[in-house]
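Grab a viewer and work through these short exercises. Try each one before you read its solution.

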Amino acid sequence: MTAVQLINIERLIEAAHYLERREREAEHGYAALLPDRSEDSGSKRKSKSKKSAGSRSTHNEMEKNRRAHLRLCLERLKELVPVGAESTRHTTLSLLMKAKLHIKVSCRQKLCTLISSAEKLG
(Lines give C-alpha, C1' and ligand atoms only; values in the text may rest on other atoms or scores of the structure.)
Protein backbone atom coordinates (compact mmCIF):
# COMPACT_ATOMS: atom_id res chain seq x y z
CA MET A 1 0.00 0.00 0.00
CA THR A 2 1.30 3.47 -0.78
CA ALA A 3 1.63 6.23 1.77
CA VAL A 4 -1.19 8.19 0.11
CA GLN A 5 -3.55 5.22 0.42
CA LEU A 6 -2.66 4.82 4.10
CA ILE A 7 -3.34 8.50 4.73
CA ASN A 8 -6.66 8.22 2.90
CA ILE A 9 -7.64 5.20 4.99
CA GLU A 10 -6.69 7.06 8.16
CA ARG A 11 -8.96 9.95 7.15
CA LEU A 12 -11.82 7.57 6.50
CA ILE A 13 -11.30 5.89 9.86
CA GLU A 14 -11.29 9.28 11.60
CA ALA A 15 -14.57 10.14 9.89
CA ALA A 16 -16.08 6.81 10.96
CA HIS A 17 -14.99 7.38 14.57
CA TYR A 18 -16.55 10.83 14.45
CA LEU A 19 -19.82 9.37 13.17
CA GLU A 20 -19.90 6.69 15.84
CA ARG A 21 -19.17 9.23 18.59
CA ARG A 22 -21.90 11.48 17.26
CA GLU A 23 -24.38 8.59 17.16
CA ARG A 24 -23.53 7.64 20.77
CA GLU A 25 -24.01 11.22 21.92
CA ALA A 26 -27.36 11.42 20.15
CA GLU A 27 -28.47 8.16 21.79
CA HIS A 28 -27.67 9.56 25.22
CA GLY A 29 -29.24 12.92 24.46
CA TYR A 30 -26.08 14.96 24.96
CA ALA A 31 -26.80 17.13 21.96
CA ALA A 32 -30.38 17.76 23.07
CA LEU A 33 -29.50 19.26 26.44
CA LEU A 34 -29.93 23.01 26.71
CA PRO A 35 -28.04 25.16 29.21
CA ASP A 36 -29.86 26.15 32.38
CA ARG A 37 -31.17 29.72 32.02
CA SER A 38 -32.64 29.96 35.50
CA GLU A 39 -29.88 32.30 36.75
CA ASP A 40 -30.30 36.03 36.35
CA SER A 41 -28.52 36.73 33.07
CA GLY A 42 -29.15 40.47 33.31
CA SER A 43 -26.60 40.90 36.08
CA LYS A 44 -23.97 39.09 34.01
CA ARG A 45 -24.47 41.41 31.06
CA LYS A 46 -24.05 44.51 33.19
CA SER A 47 -20.68 43.27 34.49
CA LYS A 48 -19.14 42.81 31.05
CA SER A 49 -16.25 45.09 30.20
CA LYS A 50 -14.33 46.09 27.09
CA LYS A 51 -12.29 42.93 27.54
CA SER A 52 -15.29 40.82 26.52
CA ALA A 53 -15.51 42.64 23.17
CA GLY A 54 -11.96 41.54 22.38
CA SER A 55 -12.73 38.01 23.53
CA ARG A 56 -15.78 37.97 21.31
CA SER A 57 -13.86 38.96 18.20
CA THR A 58 -11.17 36.39 19.05
CA HIS A 59 -13.86 33.75 19.47
CA ASN A 60 -15.47 34.73 16.16
CA GLU A 61 -12.14 34.48 14.36
CA MET A 62 -11.41 31.08 15.89
CA GLU A 63 -14.87 29.82 14.93
CA LYS A 64 -14.39 31.10 11.39
CA ASN A 65 -11.08 29.22 11.16
CA ARG A 66 -12.65 26.08 12.62
CA ARG A 67 -15.43 26.12 10.02
CA ALA A 68 -12.93 26.71 7.20
CA HIS A 69 -10.85 23.75 8.40
CA LEU A 70 -13.94 21.56 8.62
CA ARG A 71 -14.96 22.58 5.07
CA LEU A 72 -11.48 21.70 3.81
CA CYS A 73 -11.59 18.29 5.51
CA LEU A 74 -15.01 17.56 4.03
CA GLU A 75 -13.76 18.49 0.56
CA ARG A 76 -10.83 16.10 0.98
CA LEU A 77 -13.21 13.40 2.17
CA LYS A 78 -15.39 13.92 -0.93
CA GLU A 79 -12.34 13.15 -3.07
CA LEU A 80 -11.70 9.90 -1.20
CA VAL A 81 -15.22 8.50 -0.88
CA PRO A 82 -17.30 7.40 -3.86
CA VAL A 83 -20.42 9.54 -3.34
CA GLY A 84 -22.37 8.49 -6.43
CA ALA A 85 -24.07 10.57 -9.09
CA GLU A 86 -27.45 11.03 -7.44
CA SER A 87 -26.66 14.60 -6.46
CA THR A 88 -23.91 17.15 -6.96
CA ARG A 89 -24.38 18.53 -3.46
CA HIS A 90 -24.17 16.36 -0.35
CA THR A 91 -24.90 17.16 3.26
CA THR A 92 -22.20 16.66 5.85
CA LEU A 93 -24.15 13.83 7.42
CA SER A 94 -24.71 11.99 4.13
CA LEU A 95 -21.04 12.34 3.26
CA LEU A 96 -19.95 10.97 6.64
CA MET A 97 -22.44 8.10 6.43
CA LYS A 98 -21.12 7.18 2.96
CA ALA A 99 -17.56 7.36 4.30
CA LYS A 100 -18.49 5.02 7.14
CA LEU A 101 -20.05 2.56 4.69
CA HIS A 102 -17.03 2.83 2.39
CA ILE A 103 -14.70 2.02 5.30
CA LYS A 104 -16.74 -1.03 6.27
CA VAL A 105 -16.83 -2.33 2.70
CA SER A 106 -13.08 -1.72 2.26
CA CYS A 107 -12.29 -3.52 5.51
CA ARG A 108 -14.44 -6.51 4.52
CA GLN A 109 -12.74 -6.70 1.12
CA LYS A 110 -9.28 -6.54 2.68
CA LEU A 111 -10.26 -9.18 5.24
CA CYS A 112 -11.54 -11.50 2.49
CA THR A 113 -8.31 -10.97 0.56
CA LEU A 114 -6.23 -11.80 3.62
CA ILE A 115 -8.28 -14.91 4.38
CA SER A 116 -7.99 -16.19 0.82
CA SER A 117 -4.23 -15.53 0.86
CA ALA A 118 -3.91 -17.40 4.15
CA GLU A 119 -5.89 -20.33 2.78
CA LYS A 120 -3.64 -20.56 -0.26
CA LEU A 121 -0.56 -20.59 1.97
CA GLY A 122 -2.03 -23.05 4.46
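**Exercise 1.** Take the contacts between residues at least 6 apart in sequence, and find what percentage join residues at least 24 apart.

*Solution.* In this predicted model, the share comes to 55%. Now set the elements beside that number: the protein has four helices and zero strands, and from the N terminus they run α-α-α-α.

**Exercise 2.** Work out which residues make up the largest nonpolar core, and which helices supply at least two residues each.

*Solution.* Start with the members: there are 12 residues, among them L12, A15, L19, L77, L96 and I103. Next, map them onto helices: α1 (3-28), α3 (50-80) and α4 (92-121) each put in at least two. Then zoom in on A15: skipping neighbours within four places in sequence, A15 is in contact with L77, L96 and A99.

**Exercise 3.** Decide whether K100 is buried or exposed, and list its contacts beyond four places in sequence.

*Solution.* First, locate K100: you'll find this lysine in helix α4. Second, check its relative accessible area, which is 14%. The cut-off for buried is under 20%, so K100 counts as buried. Third, leave out the neighbours within four places in sequence, and K100 is in contact with L19, E20 and E23. One of these, L19, also belongs to the largest nonpolar core.

**Exercise 4.** Find what percentage of the protein's residues count as buried, and how much area the protein exposes.

*Solution.* Of 122 residues, 13% are buried. The exposed area is about 10,500 Å², with 57% of it supplied by carbon and sulfur atoms.

Key: Residues numbered from 1 in each chain as written. Predicted model: local features only at pLDDT ≥ 70, side-chain atom pairs only at ≥ 80, totals over all residues. Heavy atoms only, no water. Core = buried A, V, L, I, M, F, W, Y, C linked by side-chain atoms within 4.5 Å. Buried < 20%, exposed > 50% of the residue type's maximum accessible area, 1.4 Å probe, protein only. Contact = heavy atoms within 4.5 Å. Areas by Shrake-Rupley, 256 points an atom, 1.4 Å probe, with all protein chains shown as cover.
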